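Student: Please take a single part of this model and look at it closely, beginning from one residue and working outwards. I would like one connected account, with the cut-offs behind each term.

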Amino acid sequence: MAYTACAFAAALILSRLAGRRVPLRALPALFLLLFFILLTQLPMPDPATMICPRPEAKVNLMPFRFVLHFLDLQARGDSALTDRTVMTGLANLLICGLIGAALMPFMDRPVQAAGLGLGLSGLVELTQLTGVFGLFPCPYREFDVDDLILNVAGVWGGYVITRALQSRFFQRGGGAGH
């Protein structure tokens with residue numbers, strides 16, 4: 001969280017130095033985007049001491065593997081609430097849902113939210129797959145197609161739910177000027 005706060009402050013300072021102001025309503029989206037990006041990249045290992053390949057930097061190209069993992073946990077009677085894979089997937093969904101909600105005022109259609117989710121998640125996963133585009137001697141984080149699926153679903157779902165809640169709020173006469 002401290003890294004996100006520093007990156008957020010730096011982004012605001014740089015925008016100010018460039019003669020631009022970040023609109024107040026864009027601040028939550030900016031913070032959440034920075035949080036997501038840093039969460040998916042940190043901690044970074046020391047490239048000088050890295051041993052490649054790294055076992056934690058697997059590649060999962062099998063869509064919906066997380067569903068099979070969850071069903072396997074259920075069949076064994078293990079708790080999904082203490083499982084790292086399940087909790088990571090839920091965290092991805094939640095964080096990306098918040099991003100979709102925060103970005104809703106800046107998009108007109110759900111397809112834009114899905115496209116933004118795909119672009120954001122694709123960039124993050126590609127960064128992980130390439131070891132930050134070759135800055136590291138090998139990948140140090142897992143590339144997972146399930147992350148792409150959950151992240152896109154999260155951004156899209158956050159957008160759709162927030163849009164529906166906003167429409168419902170304004171239909172009841174709760175919004176000024178609508």
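Tutor: With a relative accessible area of 36%, C52 is partly exposed, a class that lies between buried (under 20%) and exposed (over 50%), as computed with a 1.4 Å probe on protein chains only. The model is predicted, and local features need pLDDT of at least 70 while side-chain atom pairs count only at pLDDT 80 or more, although totals for chains, interfaces and linings use all residues. Residues are numbered from 1 along each chain as its sequence is written, and side-chain values use heavy atoms, with hydrogens and water left out.

The partner of C52 is C138, the two sulfur atoms lying 2.1 Å apart, and this is the one disulfide that the structure holds (cysteine sulfur atoms within 2.5 Å). Because the torsion about the S-S bond of C52 and C138 is about -80°, the disulfide is left-handed. C52 sits in the loop between helix 2 and strand 1 (59–60), whereas C138 sits in the loop between helix 6 (131–134) and strand 2 (143–144), so the bond ties together parts that are 86 residues apart in sequence (helices are DSSP runs of H or I with at least four residues, strands runs of E with at least two, numbered from the N terminus). Unlike the partly exposed C52, C138 counts as buried, at 9% relative accessibility.

Two further cysteines lie in contrasting settings: C6 is exposed, with a relative accessible area of 55%, whereas C96 is buried, with a value of 1%. C96 is one of the buried residues of helix 4, among which are also V86, G89, N92, I95 and I99. The cover over these buried residues includes helix 2 (27–41), helix 3 (65–76), helix 5 (110–129) and helix 7 (145–171).

From helix 4 one comes to the largest nonpolar core, which has 16 residues and in which F36 and I99 touch the most other members (a core joins buried Ala, Val, Leu, Ile, Met, Phe, Trp, Tyr and Cys residues through side-chain atoms within 4.5 Å). Helix 2, helix 4, helix 5 and helix 7 each give two or more residues to this core, and the largest share, five residues, comes from helix 4. If neighbours within four places in sequence are set aside, F36 is in contact (heavy atoms within 4.5 Å) with I95, C96, I99, L120, V124 and N151. A second core of five residues is separate, and includes M50, V132, F136 and Y140.

The aromatic rings complete the account. A search of the whole structure finds three aromatic pairs (Phe, Tyr or six-membered Trp rings with centres within 6.5 Å, stacked if the planes are under 30 degrees apart, edge-to-face if over 60 and tilted otherwise). One of them joins F8 and F31, whose ring centres are 5.4 Å apart and whose planes meet at 80°, so the pair is edge-to-face. It links distant parts of the chain, F8 in helix 1 (residues 2–17) and F31 in helix 2, 23 residues apart. F8 counts as buried at 17% relative accessibility, whereas F31 is partly exposed at 26%. Another pair, F136 with Y140, is tilted, with 5.0 Å from centre to centre and 55° between the planes. Both rings belong to buried residues, F136 having a relative accessible area of 9% and Y140 one of 5%.
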